[in-house]
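Let's take a walk through a protein chain together. Have the sequence and the 3D view ready, and follow along residue by residue.

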Amino acid sequence: MHFPPTAPSKTVVLPLGFLFGATHTRGPEPRTSSSPSAARRTLAKGAAAIASARSRYCTLHGVTTKGGKMDRKPGIRQVLIEHKDVESAAQCVQAVQAALARVGIEAPRPTRKKILVLVNPYGGIGEAVKVYKSIVAPMFRIAGCDIELIETNAPLHATKIAQTLEINQYSAAVTVSGDGVFHEVLNGLLTRPDWDEARKLPLGFIPAGSSNAMARNLNVMFPELATLAVIKARNVPMDVFSVTQNGSVTYSHLQVMWTFLADLDIESDRYRWIGRERFTVAALIRLIWLRTYRGTIYYLPAEGLGSDEYMQGANDSGRDHLISKREGFHAPLSADATRASLTSATSNTQLIPGSPSPARLSGPTETPHHGPPRLHTAPDSPPYTSWPALVDSPFSFFIATNLPWISADFLTSPSTRLNDGSLHLIWAERISRWQCLQPVLDQGTGAYLKFPYIRSERVRAFVLDPKGWTYGEKPRAAKPGQKQGILDVSGEEIPYGPIKVEVHPGVVNVIAPEWLDEDEWTTMAM
C-alpha cells in the first residue's frame, strides 16, 4: 500500500476482531482518530465520506480500547490509505471485507438479511435516539449492514412487533434501549405460535437505558462495543424463564425480585431524571422505612448431571466457552429424568404443615398460550407442595436471578452463566437496615453472598406466594389505593400475587462478543 507523500509511512495496528469496515473514501488527507471524546464526530464524518468504487482512497474503520479494558470508554480509529490506482483500492476493500467475513460476519454483504433495530426514545434518560444516530447508525452503514429501524412508542409495543414479525426476513433483532424493551422482544418471540422457529432469531442489545444489565452480562457496556458485536454476529445460547400468574405465562431473561430490591427498582422510576444514581437515592429512602414482607416459597433444587458430563454432550457453537466447570454446578436433566426425579421427591417428602392451599397458588384455569414447555409449573406438572419450602416466613431480601448482573453495577451471582440451566435463588429473612444495606454497598463483587444471614439455592423452579409487609413486628394493612407490595420481573412490575417460575435452558440465542469471558465474574468475587 502507498501512503501519500504528505504523510510519512507508518504501521497502524488494528486488530481484526475490532475492525468493522473498509470503505472507498474521498481523499486526500489521511486521518486517524482514537480519542474516545471524538468517537461520535469521527464516525459521522466517516459515514458521510463513503464514496463510490471510483476512488483510489480507502479507509479502514475499527474500535479501539484502552489497554484492552472493556470497562473504559472505547474510541474509533479510522485510517485513510492512498493507493496507486482505483483497482488497488478496490482490492484492498474486498480483502478486508473477506477477512471480516472469516472472523464472524455471518455472510457476504450482498446476501446477508437485514437487521431489525428497535429504538426506545423514552427509555432510561432518553439517550437512545442520540446513541443510535451518532454511533450505531454510522457503524452499521460503514459495515454495510442493511437496517430496518422502528421506534417504539408505547409499553409493550416491542412485544407486538416481535409477535407479528416475518422472522425469515431478518438476520437479527437488536434493541437500542434498556432492559425493558429487550424483555418485551424476547417475550413476544416466545409467545408466538411458531415460537420454536422464532426463538432462533439472534437477539442483540445496545445499551441506552439507565440500568443496562444485559449489556453488562455480555460485556458490551458501551454502544461502540455492542454495535461491533452485532456486526460480528457471534451467537451463543441463553437460558430464559417463565412466570406463570393468574392463568397467563410470560417469558423473560433477567430476574424476579421481591421485598427490598423490588421496592428499590420500581420506586426509583420516579427519579429517572437523575440517571443511574436514581437507585442510590431510592435505596436510601427505602432503608429509612425498611419493610419486612411475609410469604411462602417452594423451590425445586437443581440436581442432576455434573458439569463435566454436561460439557461432554454440548454441541452448540460457543457453549464450551460459556458454560463454567465450577464445582457444584448442576446441568439440566432431560425431560424424562427431571420428571422421574420430581416424582421420586414427591413420594419421599411430606407436605409441610401449615403450608398454603395449592388452590391459592394455582390460580384460575390457564388460557391457551404458546412457548417453551413447562415441566414443573404447568397445570399437569407433579405437585410442587412436596418441594422444600419456607412457610409464612418474614423476608427482607429476595431475588431469583438468571444472569450474573442485575444492573450495570450489581454483580448479584458471580457463578451464574448465560446457559447453566438454573436460577440462583437468594434471600434473607428478617434483617437489620445495616445488613440490608451491605449487599447494596458491595454491588461490584458479589461477596455479600458470604454474609451469614444470606441464604441461596440453585433451583430449576420455584413458587412464591407473597403477602403484605410490616415496618416492625406488627402487620400493617395497606391503605386504600396503596400497593400491598411489589413484584419485579426484569425491571417490569407485575401484579402482586402468587407466581410460579421455571427456567428453560438455552432457549434463545444472543449476540455476544468474542472477548466475553464469564469466568471473569467469578474471579471478581474471590
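Below, we start with the whole chain, then look at a few strands, helices, single residues and charged pairs.

**Ground rules**

What you see is a predicted model, so local features need pLDDT of at least 70 and side-chain atom pairs count only at pLDDT 80 or more, while totals for chains, interfaces and linings use all residues. Residues are numbered from 1 along each chain as its sequence is written, and side-chain values use heavy atoms, with hydrogens and water left out.

**The whole chain**

The protein chain has 16 helices and 17 strands. Helices (H or I, at least four residues) and strands (E, at least two) are DSSP runs, numbered from the N terminus. Of the 526 residues, 58% are buried. Here, buried means under 20% relative accessible area, exposed means over 50%, and partly exposed is in between (1.4 Å probe, protein chains only).

The accessible surface comes to about 22,000 Å², and 53% of that belongs to carbon and sulfur atoms. Accessible areas come from the Shrake-Rupley method with a 1.4 Å probe; for residues, only the protein chains shown count as cover.

How do contacts spread along the sequence? Take the contacts between residues at least 6 apart: 81% of them join residues at least 24 apart. A contact means heavy atoms within 4.5 Å.

**A strand on the inside**

Find strand β17, residues 499-511. Because 10 of its 13 residues are buried, β17 is largely enclosed by the rest of the structure. Which strands pair with it? Strand β8 (residues 235-245) does so in the antiparallel sense, over nine bridges, and Val236 stands opposite Val510 in β17. Strand β14 (residues 455-470) also runs antiparallel to β17, joined by four bridges, with Ala461 opposite Glu502. Two strands count as paired if DSSP finds at least two bridges between them.

**Helix α4 and its surroundings**

Next, go to helix α4 (residues 157-164), where His157, Ala158, Thr159, Ile161 and Ala162 are buried. These buried residues pack against β4 (114-119), β5 (147-151) and α5 (179-190). Helix α5 is also home to Asn187, which is buried at 13% relative accessibility. Beyond its neighbours within four places in sequence, Asn187 is in contact with Thr159, Thr250 and Tyr251. The C-alpha atoms of Asn187 and Gln163 are 8.6 Å apart, although 24 residues separate them in sequence.

**Two buried side chains**

Thr259 sits in strand β10 (residues 255-259). Is it buried or exposed? Thr259 is buried, with a relative accessible area of 0%. Its side chain reaches the backbone nitrogen of Phe398 at 3.0 Å. That is a polar contact: a pair of N or O atoms within 3.5 Å, where within protein one must be able to donate a hydrogen and the other to accept it, and residues adjacent in sequence count only if both atoms are side-chain atoms.

Ser407 is in the loop between β12 (389-401) and β13 (423-429), and at 13% relative accessibility Ser407 is buried. A polar atom of the Ser407 side chain lies 3.1 Å from the backbone nitrogen of Phe410. Apart from neighbours within four places in sequence, Ser407 is in contact with Ser211, Ala213, Arg216 and Gln443.

**Charged pairs**

Side chains of opposite charge can pair when their charged atoms come close. A salt bridge here is a side-chain nitrogen of Lys or Arg within 4 Å of a carboxyl oxygen of Asp or Glu, and the count comes to 11. The table shows some of them.

| Acidic residue | Basic residue | N to O distance |
|---|---|---|
| Asp194 | Arg192 | 2.7 Å |
| Asp263 | Arg291 | 3.5 Å |
| Asp392 | Arg294 | 3.3 Å |

Asp392 in strand β12 and Arg294 in strand β11 are 98 residues apart, so this pair links distant parts of the chain. In the first pair, Asp194 is partly exposed, with a relative accessible area of 32%, whereas Arg192 is buried at 7%. Arg291 lies in the loop between α10 and β11 and Asp263 in helix α9 (residues 260-267), so their pair ties together parts that are 28 residues apart in sequence. Both Arg291 and Asp263 are buried.
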